[in-house]
Amino acid sequence: MKTMSNLRVESALCSSPSQGPRTKRYVKQIVVTKLVIGTILIGLLIIFLLVGDASHARNLRLNAILDNTVITLKLQEKNISLEYEDSYHPYDTVNDPLPHCDSLPLQGGHNVWSEDTGETIRLHKHSPRICGPKVLVIGAMKCGTNTLGHLLAKHPRVKVNSCSAPRFVKKIDTGCNDDEYQGRGDEIWEGHDMSIHKNQKPGEWLEHWTRRLPWTDGKHNITIDKSPSYMNTLEFPNLTQDVKQFLPNAKVVMSVCNPALRLYSEYNHNMDQRQDGFLGFYRDKGIEVPMDFPSFVKLLMDPPGDVCKRLPNFCDRNQIFFLRKGEYSTLLKQWYEAFGAKNILVVDMNDNQRDIATQLLDLVGRDVLPPNEYPWHELKEKEIDFKSSAANYTGRSSAFDDFREQIVKLEKYYAPFNEELAQLIGRDFPLEWNKRMGEN
Ligand SMILES: Nc1ncnc2c1ncn2[C@@H]1O[C@H](COP(=O)(O)OS(=O)(=O)O)[C@@H](OP(=O)(O)O)[C@H]1O
């Protein structure tokens, strides 16, 4: 079924510049300009023939470049011809539309900002496109995705999905958004473009997304995108199909961690960083807000009977938003179906950093990210940085001691999904998260 947003996207992808009154005016303007240039060239030739020796002018060739068009006046023996070639551009986006990446349409403008040169590049007006991200770090939220993204972004050929230039430089539009979606240079920017923004702003998300991407070509450098919401295929059921449509050759990476402790970390993150929105989700429905972790777990796993009867959607959504984010095997199935195992990497953040970085380079390809350019000396042997910046939260390592009943209950809930995950990825480390169950 075609949704409204699909239709918009298709029309953006297929729109042709050869339609509409604006295009007619444009064609007229080009024809007139070409005639003027042609006349000037012929005039120059006549002057040349008059003042020069015609016998030297048997194979004359004069070039002029106007508005991405090469105009050539040729004199071969006695034949004079005027040729127009419409494809002049340093990045030939008409004949060679960024062949090394999954390119995306740039609506509403023709400029992109190059971080490399610090200049605005003007793209061919008929087909402005930009390379989409090659690697998606899709989650899992609170499982070290920032560390994972930075390990990848350390490679000098990797650029993050944010444009650091201001919107205008010397009055020239750089193409960078400078609104709420603007990124911050090298900082990893959580775009959530194909999940949250596509759902909330179906008419704008694509332009906002593409206008924030840096200029890469997929051969000499690549773009990456870290958006932990991409892993939640229960909340965004069409997401993997969308990603497949826009970025069919993407590589997909995620870090996973003990899902019971992940939930504990997310609860503290929400209470610390977005308490109003988080508690508002409950308050708006007349439900007592979960001011501590035990009441949060109770609302997720054992809500008062009348709540689910009265608000069945709420109970489903509450679980999808929080509890079921730890059912990694359920969430990943769609990604495996869409992209296949060879394009997916599930990382254990307890692995040695060098091993993680090696796996990342292998996944993307050593031709694109040469290992000899990676700053290996900057890596720590192991980085488990569970320190949190939250005010009233000392980190997840105390969760089992402080909230044993809830953590045990959660670990039991997640155990079958952990087993399924271990099978799916062919590694044993998810089974470690089930070990404590035997002790209780
Ligand atoms: N290497 C490594 N291995 C495992 N865990 C790590 C690692 N580095 C950071 N962390 C912990 O991950 C938590 C932050 O996760 P994210 O970066 O994914 O956060 S976020 O989803 O972008 O908000 C955050 O957890 P909390 O301490 O519970 O907040 C970090 O301590």
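Let's start with the overall parts list: the protein chain has 16 helices and 14 strands. Keep in mind as you look around that this is a predicted model. The chain runs to 440 residues, and buried residues make up 34% of them. Now think about which parts of the chain touch each other. If you take the contacts with a separation of 6 or more, 71% of them link residues that sit 24 or more positions apart.

Next, look for the greasy inside. The largest nonpolar core has 79 residues, and the ones touching the most other members are Val135, Leu136, Val137, Val253, Met254 and Val347. Pick Val135 and see who its partners are. Beyond its neighbours within four places in sequence, Val135 is in contact with Leu152, Ile222, Ile224, Ala250, Lys251, Val253 and Val364. Two of those names, Leu152 and Val253, come back when you move over to Leu360, a residue in helix α13, which spans residues 353–364. Leaving aside neighbours within four places, Leu360 is in contact with Leu151, Leu152 and Val253. Is Leu360 buried or exposed? Leu360 counts as buried because 24 other C-beta atoms lie within 10 Å, and the cut-off for that label is 20 or more. For a sense of distance, try finding Gly132 too: Gly132 and Leu360 are 228 residues apart along the chain, and their C-alpha atoms are separated by 18 Å.

Now follow strand β8, residues 135–139, out into the loop that leads to α3, residues 145–153. This loop has some quirks. A cis peptide bond joins Gly139 and Ala140, with omega at about -10 degrees, and Ala140 is found in the loop between β8 and α3. Lys142 is in that loop as well, and UniProt, in an unreviewed entry, places the feature "active site" at Lys142. What is unusual about the phi of Lys142? Its phi is near 70 degrees, a positive value in a residue other than glycine. Lys142 is also buried, because 24 other C-beta atoms lie within 10 Å. Setting aside neighbours within four places in sequence, the contacts of Lys142 are Arg262, Ser265, Glu266 and His269.

For another lysine with a positive phi, hop over to Lys171, where the angle is about 65 degrees. Lys171 lies in the loop between β10 (168–169) and β11 (172–173). What about its surroundings? Lys171 is exposed, because just 5 other C-beta atoms lie within 10 Å, and 12 or fewer is enough for that label.

Let's finish with a pair of helices. Helix α9 covers residues 293–301 and helix α15 covers residues 404–425; they pack at an angle of about 30 degrees, with their axes 10 Å apart. How does α9 pass α15? The crossing is left-handed. Zoom in on where the two meet: α9 brings Phe293, Pro294, Val297 and Met301, while α15 brings Gln406, Lys409, Leu410 and Tyr413. Sorted by class, the contact of α9 with α15 has six nonpolar residues, one polar and one charged.

Notes
Residues are numbered from 1 along each chain as its sequence is written. This is a predicted model: local features need pLDDT of at least 70, side-chain atom pairs count only at pLDDT 80 or more; totals for chains, interfaces and linings use all residues. UniProt positions are given in the numbering used here, feature names are shortened, and annotations may be inferred rather than shown by experiment. Helices (H or I, at least four residues) and strands (E, at least two) are DSSP runs, numbered from the N terminus. Two residues are in contact if their C-beta atoms, placed from the backbone, lie within 7 Å. A nonpolar core is a set of buried Ala, Val, Leu, Ile, Met, Phe, Trp, Tyr and Cys residues joined through C-beta atoms within 7 Å. Axes are lines fitted to C-alpha atoms, for helices over the stretch in contact, and angles run from 0 to 180 degrees between N-to-C directions. A crossing is left-handed if the near helix is turned anticlockwise from the far one by less than a right angle, and right-handed if clockwise. Ala, Val, Leu, Ile, Met, Phe, Trp, Tyr, Cys and Pro count as nonpolar, Asp, Glu, Lys and Arg as charged, and the others, Gly among them, as polar.
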